[in-house]
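Please work through the exercises below with the sequence and the structure side by side, trying each task before you read its solution.

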Amino acid sequence: MRTCHVLTFSPVTTHDSMFNHLLGISYTMNTEQLYEALKKTQEAKGAFFNKDKDLVFELLESLLLNKDKYGYMACPCRLACGDREHDSDIICPCEYRTPDMEEFGTCYCGLYVSQKVNDLEMVPEYVPERRPADKIL
């Protein structure tokens with residue numbers, strides 16, 4: 001299992017220093033630990049992991065790879081440029097997740113699903129790209 005330093009989960013609500021403080025010091029996390037940490041924090045916000053665990057763990061692994069490569073967990077289904085400010089909209093959970101889940105039942109990459117999809121009350125639909133063209137490489 002791959003390990004990587006993970007210091008942030010959300011570009012909006014969690015800053016590296018706050019997360020680091022909550023953990024005490026820098027913390028090394030593997031995909032299973034990332035799964036458990038995100039499951040707890042994101043379910044409280046109404047975002048549930050896709051029931052396809054293989055897909056979820058592939059995406060989490062890719063998030064850790066992006067963390068290693070760029071220093072932040074850029075969405076693995078979009079092209080990151082390596083500039084945190086430019087990519088801030090696609091740092092997982094991306095700023096498009098909530099509207100995508102509300103409209104289509106899932107986020108763009110399929111990592112997260114809405115409460116309705118999780119409860120089998122809705123079938124997720126294809127999610128078109130919401131990221132503005134000028135942000136896409």
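Four exercises follow, each with a worked solution.

The model is predicted, so local features need pLDDT of at least 70 and side-chain atom pairs count only at pLDDT 80 or more, while totals for chains, interfaces and linings use all residues. Residues are numbered from 1 along each chain as its sequence is written, and side-chain values use heavy atoms, with hydrogens and water left out.

**Exercise 1. Describe the place and the surroundings of His-86.**

Step one is to find the residue along the chain: His-86 sits in the loop between α3 (53–70) and α4 (97–104), where helices are DSSP runs of H or I with at least four residues, numbered from the N terminus.
Step two is to ask about accessibility: His-86 has a relative accessible area of 22% and is therefore partly exposed, a class that lies between buried (under 20%) and exposed (over 50%), using a 1.4 Å probe and protein chains only.
Step three is to list the partners: beyond neighbours within four places in sequence, His-86 is in contact with Cys-81, Arg-131, Asp-134 and Lys-135, contact being heavy atoms within 4.5 Å.
For Lys-135, the separation from His-86 is 49 residues in sequence, yet 7.2 Å in space from C-alpha to C-alpha.

**Exercise 2. Find the salt bridges of Glu-129, Arg-131 and Glu-103, and say which parts of the chain they link.**

A salt bridge here is a side-chain nitrogen of Lys or Arg within 4 Å of a carboxyl oxygen of Asp or Glu, and the count by this rule is seven.
Step one takes Glu-129, whose salt bridge with Arg-78 has its closest N and O atoms 2.9 Å apart. This pair links distant parts of the chain, with Glu-129 in the segment after α5 (115–118) and Arg-78 in the loop between α3 and α4, 51 residues apart. Glu-129 is partly exposed at 31% relative accessible area, whereas Arg-78 is buried at 8%.
Step two takes Arg-131, which meets Asp-89 in a salt bridge of 2.8 Å, N to O. Because Arg-131 lies in the segment after α5 and Asp-89 in the loop between α3 and α4, the pair ties together parts that are 42 residues apart in sequence. Both Arg-131 and Asp-89 are buried.
Step three takes Glu-103, which forms a salt bridge with Arg-130, the closest N and O atoms being 2.7 Å apart. Here Glu-103 belongs to helix α4 and Arg-130 to the segment after α5, 27 residues away. Glu-103 is partly exposed at 46% relative accessibility, and Arg-130 is partly exposed at 30%.
Finally, salt bridges that share partners join Asp-87, Asp-89, Arg-131 and Lys-135 into one network.

**Exercise 3. Which residues touch the most other members of the largest nonpolar core, and which elements contribute to it?**

A nonpolar core is a set of buried Ala, Val, Leu, Ile, Met, Phe, Trp, Tyr and Cys residues joined through side-chain atoms within 4.5 Å.
The largest such core has 27 residues, of which Leu-34, Phe-49, Val-56, Leu-60, Leu-111 and Tyr-112 touch the most other members. The elements that give two or more residues to this core are α2 (31–43) and α3, and α3 supplies the largest share, six residues.
As an example, Leu-60 touches Thr-31, Leu-34, Tyr-35, Leu-38, Phe-49 and Leu-111, not counting residues up to four places away in sequence.

**Exercise 4. Which classes of residue line the largest cavity?**

By class, its lining has eight nonpolar, no polar and two charged residues, where Ala, Val, Leu, Ile, Met, Phe, Trp, Tyr, Cys and Pro count as nonpolar, Asp, Glu, Lys and Arg as charged, and the others, Gly among them, as polar.
A cavity is a set of points on a 1 Å grid over the protein atoms alone where a 1.4 Å probe fits but cannot get out, and lining residues have an atom within 4 Å of a point.
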